[in-house]
Amino acid sequence: MSRRMKSPAAARNRQPILDVLSRILPERATILEVASGSGEHGLYCAEAKPGWTWQPSDPNAEARGSISAWRESAGLDNLREPLPLDVTGIWPAGPFDAVVAINLIHISPWAVCEALMARSAERLRQGGVLYLYGPYRREGRHTAPSNEAFDADLKARDPRWGVRDLEQVVDEAQQHGFVLEQIVEMPANNLSVVLRLHA
């Protein structure tokens with residue numbers, strides 16, 4: 001049986017995410033993806049952008065197995081072997097041009113968001129990008145009924161989880177030297193949030 005996991009959400013959002021990353025990153029870049037999950041985003045981006053070096057990571061061994069299996073099947077030199085990275089733990093040295101976190105901060109305690117901002121600021125080059133993708137509340141309100149239902153489901157699974165207030169996330173990032181560069185509306189009521197480390 002193949003270890004390669006498939007995510008329907010990744011199949012839907014990988015091209016829109018690549019479109020945004022292509023606009024904000026140079027042709028040659030080193031990218032750390034945290035909480036890579038199945039590994040499909042890294043595979044897709046590394047295939048499309050041979051000048052990018054993509055470093056996937058995930059604390060879950062099954063996820064890393066999937067990432068490795070996708071990597072082996074594709075044979076891409078610019079897609080690295082996944083790291084067993086917990087965002088709240090010790091990060092690789094870097095420096096990186098970008099840190100990518102797709103569907104992470106709503107499926108984790110707030111402490112993960114805090115650690116993501118702090119460690120990214122330490123590991124990114126000046127002018128580097130922290131890219132966040134997922135659902136957010138704006139001005140204290142959900143942007144769609146589906147997001148409100150998703151938020152309730154997340155909190156039922158773990159009360160520390162939940163769709164975050166965008167303003168609170170941006171404020172946390174700003175405390176570590178990030179500037180909000182742009183917000184891009186994405187499929188299924190998600191947002192791309194582009195934060196740049198102030199040079």
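**Entry 1. Helices H1 and H2**

I began with the contact between two helices and noted that Ala 10, Asn 13, Arg 14, Gln 15, Ile 17, Leu 18 and Leu 21 of H1 meet Glu 40, His 41, Tyr 44, Cys 45 and Ala 48 of H2. I sorted the residues of this contact by character and recorded seven nonpolar, three polar and two charged. I note here that the model is predicted.

I then turned to the geometry of the pair. Two packed helices are described by the angle between their axes and the distance between those axes. For H1, which spans residues 8-24, and H2, I found that the axes come within 10 Å and cross at roughly 45°. I therefore entered H1 as oblique to H2. I also looked up the hand of the crossing of H1 and H2, and it is right-handed.

**Entry 2. His 41**

I next selected one residue from this contact, His 41, which is placed in helix H2, residues 40-48. Is His 41 buried or exposed? I read a relative accessible area of 9% for His 41. Because buried means under 20%, I entered His 41 as buried.

I asked which residues His 41 is in contact with, leaving aside its neighbours within four places in sequence. I listed Ala 10, Asn 13, Arg 14, Ile 17, Glu 33 and Ile 102. Among them, Ala 10, Asn 13, Arg 14 and Ile 17 also appear on the H1 side of the contact between H1 and H2.

**Entry 3. Gln 175**

I moved on to Gln 175 and located it in the loop between helix H6 (166-174) and strand S8 (178-186). I looked up the relative accessibility of Gln 175, which is 55%, so I recorded this residue as exposed. I also checked Gln 175 against Ala 118: the two are 57 residues apart in sequence, and their C-alpha atoms are 8.8 Å apart in space.

**Entry 4. The whole chain**

I closed with the protein chain as a whole, in which I counted six helices and nine strands. The radius of gyration is 16 Å, close to the 16 Å that the globule rule gives for 199 residues, so I described the chain as being as compact as a globular protein of that length. I noted that its C-alpha atoms fill a box of roughly 45 × 45 × 30 Å, taken along the principal axes.

I asked what share of the 199 residues counts as buried, and the value is 50%. Lastly, I considered contacts between residues at least 6 apart in sequence, and found that 73% of these join residues at least 24 apart.

Note on methods:
Residues are numbered from 1 along each chain as its sequence is written. This is a predicted model: local features need pLDDT of at least 70, side-chain atom pairs count only at pLDDT 80 or more; totals for chains, interfaces and linings use all residues. Side-chain values use heavy atoms; hydrogens and water are left out. Helices (H or I, at least four residues) and strands (E, at least two) are DSSP runs, numbered from the N terminus. Buried means under 20% relative accessible area, exposed over 50%, partly exposed in between (1.4 Å probe, protein chains only). Contact means heavy atoms within 4.5 Å. Axes are lines fitted to C-alpha atoms, for helices over the stretch in contact, and angles run from 0 to 180 degrees between N-to-C directions. Angles under 35 degrees count as roughly parallel, over 145 as roughly antiparallel, 65 to 115 as roughly perpendicular and the rest as oblique. A crossing is left-handed if the near helix is turned anticlockwise from the far one by less than a right angle, and right-handed if clockwise. Ala, Val, Leu, Ile, Met, Phe, Trp, Tyr, Cys and Pro count as nonpolar, Asp, Glu, Lys and Arg as charged, and the others, Gly among them, as polar. The radius of gyration is taken over C-alpha atoms; the globule rule is 2.2 Å times the number of residues to the power 0.38.
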